[in-house]
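The following note sets out points for consideration on the model shown here. It is arranged as numbered paragraphs.

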Amino acid sequence: MTTQQETRPAAATKPVRWAADAVATMREGARLRLDYSEQSLWRVDRMIEGLRREGTPPDAAGHVLRGLGAYAGEVIARGTGAEWWTAGGDHWIRTPDGRLWDPIDEARRCFAGHGSLRLLCRDATGGTRR
């Protein structure tokens with residue numbers, strides 16, 4: 001049996017690691033359990049909102065936002081069979097219907113008060129999971 005990591009395209013390498021790092025950081029630092037479920041994105045959106053309300057400088061939040069965006073991308077990938085794509089250092093999720101989604105940028109938008117990883121996931125999955 002092959003592991004999930006072995007069967008994933010090379011474009012997934014960095015975002016999968018960023019997502020795993022975010023899961024570990026949230027578990028150990030914030031005592032927040034992330035389980036790659038769509039429901040967990042409610043907690044992620046609230047965490048990002050809390051960072052914004054605390055006045056965290058965008059530069060200081062950048063690493064965390066990248067990890068939480070990658071986490072949301074992994075929720076989409078695991079739920080729909082979507083794949084990570086990369087070009088020029090940017091990473092997107094391509095769902096089986098051919099649409100491209102940018103969960104890392106959506107995390108930044110959420111931090112700015114104009115986005116939601118939960119809603120991005122809902123839109124990307126069409127409300128259905130594999």
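1. Two strands are taken as paired if DSSP finds at least two bridges between them. The model is a predicted one, and the remarks on pairing that follow should be read in that light. Glu83 stands opposite Arg94 in β2, and Arg94 in turn stands opposite Leu100 in β3.

2. These strands belong to an open sheet of 3 strands, ordered β1-β2-β3, in which the pairing is antiparallel. The edges are formed by β1 (83-87) and β3 (100-101), each of which pairs on one side only.

3. The pairing of β1 with β2 (residues 90-94) is antiparallel and extends over 5 bridges. One of the partnerships links Ala87 with Asp90 in β2. The two strands form a hairpin with 2 residues between them, and Gly88 in the turn has a positive phi of about 60°.

4. Between β2 and β3, which also run antiparallel, there are 2 bridges. Here the hairpin has 5 residues between its strands; Gly98, in the turn, has a positive phi of about 95°.

5. Which side chains of β2 are buried, and which are not? His91 and Ile93 point to one face and are buried, whereas Asp90, Trp92 and Arg94 point to the other and are not. Arg94, the residue opposite Glu83, thus lies on the face of β2 whose side chains are not buried.

6. Helix α5 (residues 103-111) has as its buried residues Pro103, Ile104, Glu106, Ala107, Cys110 and Phe111. Viewed down the axis of α5, these residues fall within an arc of 160°, so they line one face of the helix. An α-helix has 3.6 residues a turn, so residues three or four places apart point the same way. After α5 comes Gly113, whose phi is positive, near 90°.

7. The largest nonpolar core comprises 36 residues, and those with the most contacts inside it are Leu34, Leu41, Val44, Ile48 and Tyr71. At least two residues of this core come from each of α2 (13-29), α3 (40-53), α4 (58-80), α5 and α6 (117-125). The helix that gives the most is α4, with 9 residues. In soluble globular proteins, nonpolar side chains tend to be buried together.

8. What does Leu34 contact, once its neighbours within four places in sequence are left aside? Its contacts are Val23, Met26, Ser40, Val44, Leu68 and Tyr71. Of these partners, Val44 and Tyr71 are, like Leu34, among the residues with the most contacts inside the core.

Key: Residues numbered from 1 in each chain as written. Predicted model: local features only at pLDDT ≥ 70, side-chain atom pairs only at ≥ 80, totals over all residues. Heavy atoms only, no water. Buried < 20%, exposed > 50% of the residue type's maximum accessible area, 1.4 Å probe, protein only. Helix = DSSP H or I, 4+ residues; strand = E, 2+ residues; numbered from the N terminus. Arc of directions from axis to C-beta. Core = buried A, V, L, I, M, F, W, Y, C linked by side-chain atoms within 4.5 Å. Contact = heavy atoms within 4.5 Å.
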